[in-house]
Amino acid sequence: MSRRDELSQNLELVRSKIAKVADHEVTLIAVTKTFPASDVQILHDLGVRDFAENRDADGAEKSAVIPGTWHFQGQIQSNKLKSITSWATVIHSLDDPRHFEIIEKVAPHRLQIFLQVSLDGAHHRGGAGLDDLHALATVVEQSENHTLAGLMSVPPVGLDPKEAFSQLSLIHNEFLQYFPAAKSLSAGMSGDYETAIEFGATHVRIGSSILGSR
Ligand SMILES: *Cc1c(COP(=O)(O)O)cnc(C)c1O
């Protein structure tokens, strides 16, 4: 089977599973990390327009050759923000107000910003704790340059996805009372996106189910 046929089949399967569970609009983001630009090009040819990367260098390289909406979803390093904000228009992983201060200084265009929320007290996979979330959201919401899109989370290893996404859904609903414009919810990866959608995810970030194992 050609790579194109393989990606096309995988993509169709993911799209049909999304359609089956979604009763609201869902943006499918192809997570292309570790895969070559040639794969991104094939996905673009197949109609995908949203791509995500975890590393600045990879996103910079691939976004230079393939148009689309490029999302950054990795751990943020201050010294990379100038570059990240040059190619990404959506950031899923803001969890520190100091990073937003830098974004305000260096970003050359408007960004859609998701705040990454930690669902485990230990913050193993990044994300702001619930205690810090409102302060962070307030800073972003008050900016004239950027848009607070919503919340993002990666469930802690070992936590049942249903449990994780039901927690996240409660957190988001509460959050919306204070930040009603922040309607988006970025949640769900290859192993759990259908569950995430059932709990309200509007953006799913899918790598291996489309591109294969890394
Ligand atoms: C790698 C990654 C994904 C995609 O994971 P898959 O299991 O390959 O779908 C989604 N979100 C984040 C934050 C990631 O690091």
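**Close-up 1. Polar contacts of the ligand in the predicted model.** In this predicted model, an N or O atom in the side chain of Arg 214 is 2.7 Å from an oxygen atom of the ligand, a polar contact being a pair of N or O atoms within 3.5 Å. The protein buries 88% of the 390 Å² that the ligand exposes when taken alone (Shrake-Rupley accessible area, 1.4 Å probe). Gly 207 places a backbone N or O atom 2.8 Å from an oxygen atom of the ligand. For Arg 205, a polar side-chain atom lies 2.9 Å from a ligand nitrogen atom.

**Close-up 2. The residue shell around the ligand.** The ligand has 13 residues around it, each with a heavy atom within 4 Å. Lys 33, Ser 190, Gly 207, Ser 208 and Arg 214 come nearest. The shell comprises five nonpolar, five polar and three charged residues, with Gly classed as polar.

**Close-up 3. Nonpolar cores.** The largest nonpolar core has 56 residues; a core is a set of buried nonpolar residues (under 20% relative accessible area, 1.4 Å probe, protein chains only) joined through side-chain atoms within 4.5 Å. Helix H7, residues 161-178, gives the most to this core, with five residues. A second, separate core of five residues includes Val 90, Phe 114, Ala 149 and Val 154.

**Close-up 4. Surroundings of Val 204.** Val 204 is among the residues with the most contacts inside the largest core. Leaving out residues up to four places away in sequence, Val 204 touches Ile 18, Val 26, Thr 27, Leu 28, Ile 29, Ala 187, Gly 188, Tyr 193 and Ile 197 (heavy atoms within 4.5 Å).

Residues are numbered from 1 along each chain as its sequence is written, and side-chain values use heavy atoms, without hydrogens and water. Local features need pLDDT of at least 70 and side-chain atom pairs count only at pLDDT 80 or more, whereas totals for chains, interfaces and linings use all residues.

Notes:
Polar contact = N/O pair within 3.5 Å; in protein donor to acceptor, adjacent residues only side chain to side chain. Buried < 20%, exposed > 50% of the residue type's maximum accessible area, 1.4 Å probe, protein only. Helix = DSSP H or I, 4+ residues; strand = E, 2+ residues; numbered from the N terminus.
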